[in-house]
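Please open the model in your viewer and keep a selection panel at hand. The tour moves from one selection to the next, and each stop says what to look for there.

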Amino acid sequence: MLFAVRMAVSLPPDMDPEAKDSVVAAEREYAQKLQHAGEWLHLWRCVGQYSNLSIFDVTDNDRLNEILWGLPLFAFMDITVTPLARHPSAVR
Ligand SMILES: O=C(O)C[C@H]1C=CC(=O)O1
């Protein structure tokens, strides 16, 4: 099942710099592992914003929920999920 997920990140301005570096590094490792595993198909930066637009290919809603709740930055994110269906005019 394909999902488009928008993740907007909002870190506290007074967050300890070491804690910030640590959670961002953990997020990168987590995201790259899922990309290598083939579940996180696309990860795009939204221009000029600390947010991304991602495409996931997962077995079901529960798996996506598990992935999103496991994001190290989850507590600092506003997440919007859009389930995707094939467009009738799509050529591939
Ligand atoms: O930077 C972001 O958009 C947030 C998050 C999503 C993947 C990742 O590595 O960081």
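What follows is a walk through a predicted model, going from the annotated span to the sheet, then to one helix residue, and ending at the ligand.

Begin by selecting residues 1-89, the stretch that an unreviewed UniProt entry annotates as "domain: Muconolactone isomerase". Within this span, 35% is helix and 31% is strand, and the C-alpha atoms at its two ends lie 19 Å apart.

**The sheet**

Next, show the strands as a cartoon and follow the open sheet that 4 strands form, in the order β2-β3-β1-β4, with antiparallel pairing. If you look along the edges, you will find β2 (40-45) and β4 (77-83), each of which has a single partner strand, so one side of each is left without a neighbour in the sheet. From one strand to the next, the twist averages 15 degrees. As background for reading these pairings, strands of a sheet pair through backbone hydrogen bonds, either parallel or antiparallel.

Now select β1 (2-9) and look at its two pairings in turn. With β3 (residues 51-57), β1 pairs in the antiparallel sense over 7 bridges; to check the register, pick Arg-6, which stands opposite Leu-53 in β3, and then Leu-2, which stands opposite Asp-57 in β3. With β4, β1 also pairs in the antiparallel sense, over 7 bridges, and here the residue to pick is Ala-4, whose bridge partner in β4 is Thr-82.

Move on to β2 and β3, which run antiparallel and are joined by 5 bridges. Trp-40 is a convenient marker, since the residue opposite Trp-40 in β3 is Phe-56. These two strands form a hairpin with 5 residues between them, and in the turn you can select Gly-48, which has a positive phi of about 75 degrees.

**A residue on the helix**

Select Gln-35, which has its place in helix α1. Is Gln-35 buried, exposed or partly exposed? Gln-35 has 14 C-beta neighbours inside 10 Å and therefore counts as partly exposed, given that a buried residue needs 20 or more and an exposed one has 12 or fewer. Leaving aside residues up to four places away in sequence, Gln-35 touches Trp-40 and Leu-43. For a distance to draw in the viewer, take Gln-35 and Lys-20, which are 15 residues apart in sequence and 22 Å apart in space, C-alpha to C-alpha.

**The ligand**

Finally, centre the view on the ligand and select the residues that surround it, namely Met-7, Val-9, Glu-27, Arg-28, Ala-31, Leu-43, Asn-52 and Leu-73. Which elements give two or more residues to this shell? They are β1 and α1 (17-37), and the largest share, 3 residues, comes from α1. Colouring the shell by class separates 5 nonpolar, 1 polar and 2 charged residues. One of the surrounding residues, Leu-43, was met earlier as a contact of Gln-35, and can serve to link the last two stops.

Methods: Residues numbered from 1 in each chain as written. Predicted model: local features only at pLDDT ≥ 70, side-chain atom pairs only at ≥ 80, totals over all residues. Near = placed C-beta within 6 Å. Nonpolar A, V, L, I, M, F, W, Y, C, P; charged D, E, K, R; others polar. UniProt positions renumbered as here; feature names shortened; annotations may be inferred. Pairing = 2+ DSSP bridges. Axes fitted to C-alpha atoms, helices over the stretch in contact; angles between N-to-C directions. Contact = placed C-beta atoms within 7 Å.
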